[in-house]
Amino acid sequence: MAPPELSDEQRQAALEKAAHARRVRAEVKHLLKMGTITFPELLERATDDDLIAGIKVGSVLESLPGMGKVKAKRTMEEHGIASNRRIRGLGSRQREILLELFG
């Protein structure tokens, strides 16, 4: 399947939108790493913000102070959270478990 034909203006707008989303997600992960926002606050923001809701759970966990790639992956595996799961896709039980662990 071929990508849709976009005009130069549409292509530029799509590139700007994607760059904005990456900046927002990187900023949120940085705030989490610095302790400026907490994990529960991030989940709360995700309910109203589609850009934050689209961040992968593994990426968020890796951004928590004291967590690295290995601990984040192990935590997700222990609790049945798929590696490609995004914040918006967390089930209620998964959300509860993560809040217990990191809330």
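Let me start with one residue, Gln94, which touches His79, Gly80, Ile81, Arg85 and Gly89, leaving out residues up to four places away in sequence. Before I go on, please keep in mind that this is a predicted model.

So, where does Gln94 sit? It lies in helix H6, which covers residues 92-102. Is Gln94 buried or exposed? Its relative accessibility is 15%, and buried means under 20%, so Gln94 counts as buried. The side chain of Gln94 also has a polar partner: one of its polar atoms lies 3.0 Å from the backbone nitrogen of Gly91.

Now let's step back and look at the whole protein. How many helices and strands are there? There are six helices and zero strands. If you read along the sequence, you get the pattern α-α-α-α-α-α. Taken along the principal axes, the C-alpha atoms fill a box of roughly 50 × 35 × 25 Å.

The protein has 103 residues, and buried residues make up 29% of them. On the outside, the protein exposes about 7,000 Å², and carbon and sulfur atoms supply 52% of that area. As for charges, there are 18 positive and 15 negative ones, and their mean positions are 6 Å apart.

What about contacts between residues at least 6 apart in sequence? Of those, 60% join residues that are at least 24 apart.

Next, the inside. The largest nonpolar core has 22 residues, and the members that touch the most other members are Phe39, Leu42, Val57, Val60, Leu61, Ile87 and Leu98. Which elements give two or more residues to this core? They are helix H1 (8-34), helix H2 (39-48), helix H3 (50-53), helix H4 (57-63) and helix H5 (69-78). H2 gives the most, with four residues.

Let me pick Leu98 from that group. Setting aside residues up to four places away in sequence, Leu98 touches Phe39, Val57, Leu61, Ile81, Leu90 and Gly103.

From here, let's visit helix H4, and begin with Ser63, which has its place there. At 6% relative accessibility, Ser63 counts as buried, because buried means under 20%. Which residues does Ser63 touch, not counting those up to four places away in sequence? The answer is Lys29, Leu32 and Lys33. A polar atom of the Ser63 side chain also lies 3.0 Å from the backbone oxygen of Ser59.

Right beside it in the numbering is Glu62, which lies in helix H4 as well. Here the relative accessibility is 28%, so Glu62 counts as partly exposed. Leaving aside neighbours within four places in sequence, Glu62 is in contact with Lys33, Met67, Gly68, Lys69 and Ala72. You may notice Lys33 turning up again: it is among the residues touched by Ser63 and by Glu62. How far is Glu62 from Ile52 in space? They are 15 Å apart, C-alpha to C-alpha, with their positions 10 residues apart in sequence.

Moving on to helix H5, we meet Lys71. Its relative accessibility of 44% is the reason that Lys71 counts as partly exposed. Lys71 and Leu61 are 10 residues apart along the chain, and their C-alpha atoms are separated by 8.6 Å. Leu61, you'll remember, is one of the core residues that touch the most other members.

After that comes Ser83, in the loop between H5 and H6. Is Ser83 buried or exposed? With 65% relative accessibility, where exposed means over 50%, Ser83 counts as exposed. Ser83 touches Lys56 and Met76, again not counting residues up to four places away in sequence. Ser83 and Gly58 are 25 residues apart in sequence, and their C-alpha atoms are 6.5 Å apart in space.

My last stop is Thr47, which is found in helix H2. What does the side chain of Thr47 reach? It reaches the backbone oxygen of Glu44, at 2.6 Å. For a sense of scale, the C-alpha atoms of Thr47 and Ala13 are separated by 25 Å, and these two residues are 34 apart along the chain.

To wrap up, please take away three things. The protein has six helices and zero strands. Its largest nonpolar core holds 22 residues, with H2 giving the most. And Gln94, where we began, is buried. Thanks for listening!

Technical notes: Residues are numbered from 1 along each chain as its sequence is written. This is a predicted model: local features need pLDDT of at least 70, side-chain atom pairs count only at pLDDT 80 or more; totals for chains, interfaces and linings use all residues. Side-chain values use heavy atoms; hydrogens and water are left out. A nonpolar core is a set of buried Ala, Val, Leu, Ile, Met, Phe, Trp, Tyr and Cys residues joined through side-chain atoms within 4.5 Å. Buried means under 20% relative accessible area, exposed over 50%, partly exposed in between (1.4 Å probe, protein chains only). Contact means heavy atoms within 4.5 Å. Accessible areas come from the Shrake-Rupley method with a 1.4 Å probe; for residues, only the protein chains shown count as cover. Lys and Arg count as positive and Asp and Glu as negative; His and the chain ends are not counted. The place of a charge is taken as NZ of Lys, CZ of Arg, CG of Asp or CD of Glu. A polar contact is a pair of N or O atoms within 3.5 Å; within protein, one must be able to donate a hydrogen and the other to accept it, and residues adjacent in sequence count only if both atoms are side-chain atoms.
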